[in-house]
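Grab a coffee and let's work through a few exercises on aromatic rings. Each one has a task and then a step-by-step solution.

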Amino acid sequence: MNQQSVSQANKVILILVAAIGLYLVSLANYLLFHSLAELFSVMIGTTMFVITWNAREYTKDQFDFLAFISVAYLFVALLDVLHTLSYTGMNVFTDYNFHANQVWVAARFLESLSLLTGFLLLKKRLKINLVLVFLIYSGITLAISLAIFVFHIFPVCYIDGPGQTTFKIVSEFLIVGILLVNMILLNRSRQEFDPTVTWNLNGSLLAAIGSELCFTLYLSNYDGVNLVGHYLKIVSFYFLSRAVVYTSIQKPYATIFRRLMENESALEQASLTDELTGLYNRRAALSFLGKILNQIRHSGGKVTICFIDIDGLKRTNDTLGHLAGDDLLLTVGQLLSHSIREADYACRMGGDEFLLILPQTQLDDALNLLQRIDQRLEHINQSGEKPFPVGFSRGLAYADQARLAADGPEQVMDLILEEADNRMYEDKMAKRLYRLNQA
């Protein structure tokens with residue numbers, strides 16, 4: 001069993017132990033069980049707020065949604081604290097018997113409507129001022145508390161004997177409806193979320209719906225359905241906390257490490273790339289050629305290289321300026337890179353010198369490639385699109401396993417580079433003699 005499987009098994013065992021422990025506590029003292037269950041949600045709501053508030057700089061659109069609802073859940077947690085303190089048997093608020101269920105309904109409305117508002121804000125991609133959100137929720141929570149604890153104008157939800165009032169049952173079904181709408185909006189907007197976050201939010205909403213349905217069926221604040229409802233509430237907050245922790249802690253660190261790797265890769269790529277032409281530079285060319293020769297020595301194969309020197313770069317610089325000279329270099333670089341195969345390498349060795357590395361290529365095939373390049377050169381020159389002639393001299397060299405059997409890769413690399421350079425020089429001299437004879 002691998003480490004991940006062990007970790008998952010340990011997590012399942014821990015959850016089962018906690019669930020069984022809470023059940024045993026409920027048998028011994030239901031009031032204690034209720035307090036522990038509610039304090040769990042209070043702890044999660046508060047922790048969510050602290051995490052997202054401090055991690056808000058590291059996330060973008062997706063975090064804005066979770067940051068918004070995390071502020072909301074802080075105040076949901078405050079209402080759950082009041083619900084816990086006013087629960088039957090706590091004897092904290094003795095002047096009125098209806099507080100606990102009223103605060104419960106208010107907290108669940110605040111929770112479900114906050115999620116709905118968050119999804120709508122996400123869809124509209126509005127910027128969220130968390131300080132303003134905090135102040136708004138402070139006012140809403142204060143108004144709810146005054147309506148319940150001071151002015152006693154919030155509708156009664158539960159009466160000893162008759163049980164739940166019509167308002168309470170209708171409210172629970174209305175909350176379930178809002179949560180179902182939230183699930184629809186979540187899955188319609190799933191492209192905005194990481195799959196892990198979507199999965200956990202769906203789990204949280206599904207458990208919350210189950211919890212609310214339980215609280216439409218219970219007959220007493222201490223019966224088994226009430227117990228199951230609180231279990232499902234714990235599950236709902238657990239999944240929600242996983243979404244927040246993943247988005248605000250795990251994912252930002254993963255993003256940071258990924259960016260570091262990307263930056264390292266970009267720096268490595270830059271060290272192997274010619275800045276002007278975008279081709280591989282001399283360092284990369286020698287590295288690639290050395291690896292190819294070493295592979296040929298051990299596994300067989302062949303390689304042809306072509307050393308290239310641009311004709312008339314100095315003349316172009318002197319007559320048209322260095323910008324035109326750079327354009328000539330860039331034109332040749334693009335011509336070479338567009339003419340070779342994906343397995344080949346086009347490199348700028350420095351100045352006006354280029355190198356083509358053609359793995360698994362015979363000399364005849366390399367000559368055919370140069371003929372196609374010459375045709376493209378002729379087209380460029382005849383079109384008049386450049387104010388300077390585009391041309392270059394070239395020299396080929398070839399190596400295979402038989403040649404590498406006598407000399408090592410380093411020696412063969414020096415030899416074929418010298419051969420290709422000498423043949424390029426011969427080609428350049430032949431062109432000069434031809435022009436002199438024509439003159």
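**Exercise 1.** Which residues do ring pairs link into a cluster?

Solution. Keep in mind that we're looking at a predicted model. Ring pairs join Phe-49, Phe-68, Phe-75, Phe-134 and Tyr-137 into a cluster. As for the total, the structure has 15 aromatic pairs.

**Exercise 2.** Classify the pair Phe-49 and Phe-134, then place both residues in the chain.

Solution. Start with the geometry: the ring centres are 6.0 Å apart and the planes sit at 35°. Centres within 6.5 Å make a pair, and planes under 30 degrees apart would be stacked while over 60 would be edge-to-face. At 35°, therefore, Phe-49 and Phe-134 form a tilted pair. Next, the location: Phe-49 is in helix α2 (residues 30-55) and Phe-134 in helix α5 (residues 130-150), so this pair links distant parts of the chain, 85 residues apart. Last, the surroundings: Phe-49 is buried at 14% relative accessible area, whereas Phe-134 is partly exposed at 29%.

**Exercise 3.** Now do likewise for Phe-93 and Phe-149.

Solution. Here the centres lie 4.8 Å apart with the planes at 45°, so this pair is tilted. Phe-93 belongs to the loop between α3 (61-85) and α4 (99-124), and Phe-149 to helix α5, so the pair ties together parts 56 residues apart in sequence. Phe-93 comes out partly exposed, with 29% relative accessible area; Phe-149, at 16%, counts as buried.

**Exercise 4.** Which residue lies over the face of Trp-104?

Solution. That's Arg-108, at 4.4 Å from the ring centre.

Technical notes:
Residues are numbered from 1 along each chain as its sequence is written. This is a predicted model: local features need pLDDT of at least 70, side-chain atom pairs count only at pLDDT 80 or more; totals for chains, interfaces and linings use all residues. Side-chain values use heavy atoms; hydrogens and water are left out. Helices (H or I, at least four residues) and strands (E, at least two) are DSSP runs, numbered from the N terminus. Buried means under 20% relative accessible area, exposed over 50%, partly exposed in between (1.4 Å probe, protein chains only). A charge sits over a ring if NZ of Lys or CZ of Arg is within 6 Å of the ring centre and within 35 degrees of the ring normal.
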